Amino acid sequence: MRFKKSTYSTAAEDCVEIALPQDAPAPIHIRDSKRPGGPTLRVAAEPYRSFTLALRRGALRARHDEDRKARARQALPIP
């Protein structure tokens, strides 16, 4: 299995690596780049494809981002 590091990887290597299957029904393997010998998360190809498409469209945002923006709008100025 050949893992590929994300192009968004930082210099500190805080990232994930992906191994795409050679055969169609095989799962996609995802691992922490800092622990290459550690466990992997296996995901079926279709859910992974849907997830990455949603990321590219910007359809997925962290909930805390919206909460932070709402709190900023409600914040009172410091006297």
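Are R31 and E17 buried or exposed? R31 is buried, and E17 is buried too. The close-ups below come from a predicted model, and they start with this pair.

**View 1. R31 and E17 meet in a salt bridge.**
Here the two side chains come together with N and O 2.6 Å apart. The pair ties together distant parts of the chain, with R31 in strand β3 (residues 28–32) and E17 in strand β2 (residues 16–19), 14 residues apart. You can also read the meeting of these two side chains as a polar contact of 2.6 Å. R31 counts as buried because its relative accessibility is 16%, and the cut-off for buried is under 20%.

**View 2. R31 has plenty to look at besides E17.**
Stay on R31 and look around. A polar atom of its side chain sits 3.0 Å from the backbone oxygen of P36. Setting aside neighbours within four places in sequence, R31 touches F3, C15, V16, E17, P36, P39 and T40. So P36 turns up both in that list of contacts and as the owner of the backbone oxygen just mentioned.

**View 3. Strand β3 pairs with β2 and with β4.**
Now for the strand that holds R31. On one pairing, β3 runs antiparallel to β2, and four bridges join the two. E17 shows up again here: its bridge partner in β3 is R31, the residue it also meets in a salt bridge. On the other pairing, β3 and strand β4 (residues 41–43) are antiparallel as well, over three bridges. In that pairing, I28 has V43 as its bridge partner in β4. β3 is mostly covered, with four of its five residues buried.

**View 4. Five residues make up the largest nonpolar core.**
Look for I18, I28, I30, V43 and Y48, which together form this core. Two of the names, I28 and V43, are familiar as bridge partners. Y48 is a handy place to begin: leaving out neighbours within four places in sequence, Y48 is in contact with I18, I28, I30 and V43.

**View 5. K34 and D32 form another salt bridge.**
How many salt bridges does the structure hold? There are three, and this view shows the one where the side chains of K34 and D32 meet, N to O, at 3.3 Å. K34 counts as partly exposed because its relative accessibility is 48%. D32 is partly exposed too, with a relative accessible area of 28%. Compare that with View 1, where R31 and E17 are both buried.

**View 6. E46 and R49 pair up within helix α1.**
In this salt bridge, the closest N and O atoms of E46 and R49 are 3.3 Å apart. Both residues belong to helix α1 (residues 45–57), and they sit three residues apart, about one turn of the helix. E46 counts as partly exposed, at 44% relative accessibility. R49 is also partly exposed, at 45%.

**View 7. S9 and S33 come from separate places in the sequence.**
What separates these two serines in sequence and in space? They are 24 residues apart along the chain, and their C-alpha atoms are 9.0 Å apart. S9 belongs to the loop between β1 (4–5) and β2. With a relative accessibility of 22%, S9 counts as partly exposed.

Methods:
Residues are numbered from 1 along each chain as its sequence is written. This is a predicted model: local features need pLDDT of at least 70, side-chain atom pairs count only at pLDDT 80 or more; totals for chains, interfaces and linings use all residues. Side-chain values use heavy atoms; hydrogens and water are left out. A salt bridge is a side-chain nitrogen of Lys or Arg within 4 Å of a carboxyl oxygen of Asp or Glu. Buried means under 20% relative accessible area, exposed over 50%, partly exposed in between (1.4 Å probe, protein chains only). Two strands pair if DSSP finds at least two bridges between them. A polar contact is a pair of N or O atoms within 3.5 Å; within protein, one must be able to donate a hydrogen and the other to accept it, and residues adjacent in sequence count only if both atoms are side-chain atoms. Contact means heavy atoms within 4.5 Å. A nonpolar core is a set of buried Ala, Val, Leu, Ile, Met, Phe, Trp, Tyr and Cys residues joined through side-chain atoms within 4.5 Å.
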